[in-house]
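Student: Could you take me through one spot in this model up close? I'd like to see who sits around a single loop residue, and then how that spot fits into the rest of the chain.

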Amino acid sequence: MSTTEDGPQTDPTVIVVGGGPAGLSAALFTAKNGLETTVFDTDATWMHKAHLFNYLGIGSVGGSEFMATARHQVDDFGVDRRQDEPVTAVEEADDGFAVETDDGTYEADYVILATGANRDLAAALDCAFTDEEVVDVGVDMETSVDGVYATGAMVRPEEWQAAIAVGDGAAAALNILSTVRGEYYHDFDVPDDATRVFGELIAE
Ligand SMILES: Cc1cc2nc3c(=O)[nH]c(=O)nc-3n(C[C@H](O)[C@H](O)[C@H](O)COP(=O)(O)OP(=O)(O)OC[C@H]3O[C@@H](n4cnc5c(N)ncnc54)[C@H](O)[C@@H]3O)c2cc1C
């Protein structure tokens, strides 16, 4: 829970550190589903060096073009995207986490680390690492520290692909949403007339 000048704020808040494919994917899911979401990024994503031919459903796209679309998409869902504001520290606080930048301290109930292959913040938070010296997570991307998630390049020694990073971010966000709502959560868009159009394909 965070506090504002209006008093306690009960909606869970999410801070994502890193705005590459992993971080923006996480932010897309949390913001789209009603969680207040802030992303801090320094625009050093490897995507600026990439041209994707292996992202399913997209024939070919430049990495920077992909990022421009992704940024637009999360902005449309209300993500507070703080570009060029590096996070200098993340610490456990009384009720959640304190995220530090040169501009101030921000409170969050959940933190999603998505800083590429840089694992410094995870190490400072005392997250467990594997024998291969990557952040230790399961399929829900939660670290050994409750409420802290690690996604993308930092959780794998070398298997670095944009599609995998995007999946990691989505998995972290869905786990947070399931925790917040107290039951497994699916982000399935079902338009009002879906049953008429798709019939039993979407029937419960
Ligand atoms: C030359 C090259 C070509 C590639 N080609 C392909 C390809 O063809 N297909 C493919 O699938 N993948 C490709 N990749 C891999 C792909 O780019 C990565 O898998 C992907 O970018 C990883 O995403 P990520 O979100 O984990 O990390 P990143 O994309 O690295 O994003 C991390 C972000 O975190 C930010 N950040 C770091 N520390 C902080 C901090 N303290 N505070 C705030 N922000 C911070 C960085 O500025 C960066 O924007 C390529 C990579 C390279 C280097």
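Tutor: Let's settle one term before we start: two residues are in contact if their C-beta atoms, placed from the backbone, lie within 7 Å. Also keep in mind that this is a predicted model.

Our residue is aspartate 136, and you'll find it in the loop between α3 (120-124) and β12 (148-150). Leave aside its neighbours within four places in sequence, and aspartate 136 is in contact with Ala128, Phe129, Thr130, Thr143 and Ser144. Is aspartate 136 buried or exposed? Neither, really: a residue needs 20 or more other C-beta atoms within 10 Å to be buried and 12 or fewer to be exposed, so aspartate 136, with 16, comes out as partly exposed. There's also a link further along the chain: the C-alpha atoms of aspartate 136 and valine 155 are 6.6 Å apart, although 19 residues separate them in sequence.

Valine 155 turns up again in the surroundings of alanine 150. Skipping residues up to four places away, alanine 150 touches Leu113, Ala122, Cys127, Val135, Val137, Met141, Thr143 and Val155. Thr143 is on that list, and it's one of the contacts of aspartate 136 too.

From alanine 150 we can step into the largest nonpolar core, which has 52 residues; those touching the most other members are Val17, Val111, Ile112, Leu113 and Ala150. The largest share of this core, 9 residues, is supplied by helix α4 (residues 162-181).

Helix α4 also leads us to the ligand. There are 32 residues around the ligand, and Gly18, Gly20, Ala50, Gly116 and Gly152 come nearest. Two or more residues of that shell come from each of α1 (21-32), β4 (36-41) and α4. By type, the shell splits into 17 nonpolar, 12 polar and 3 charged residues.

For another part of the fold, look at the open sheet of 3 strands, ordered β8-β9-β10 with antiparallel pairing. Its edges are β8 (87-93) and β10 (104-108), each paired on one side only. On average, neighbouring strands here are turned by 25 degrees against each other, direction ignored. Between β8 and β9 (residues 96-101) there are 6 bridges, and alanine 93 stands opposite glycine 96 in β9.

Zooming out, the protein chain has 5 helices and 12 strands. Of its 204 residues, 37% count as buried. And of the contacts with a separation of 6 or more, 53% join residues 24 or more positions apart.

Note on methods:
Residues numbered from 1 in each chain as written. Predicted model: local features only at pLDDT ≥ 70, side-chain atom pairs only at ≥ 80, totals over all residues. Core = buried A, V, L, I, M, F, W, Y, C linked by C-beta atoms within 7 Å. Helix = DSSP H or I, 4+ residues; strand = E, 2+ residues; numbered from the N terminus. Near = placed C-beta within 6 Å. Nonpolar A, V, L, I, M, F, W, Y, C, P; charged D, E, K, R; others polar. Pairing = 2+ DSSP bridges. Axes fitted to C-alpha atoms, helices over the stretch in contact; angles between N-to-C directions.
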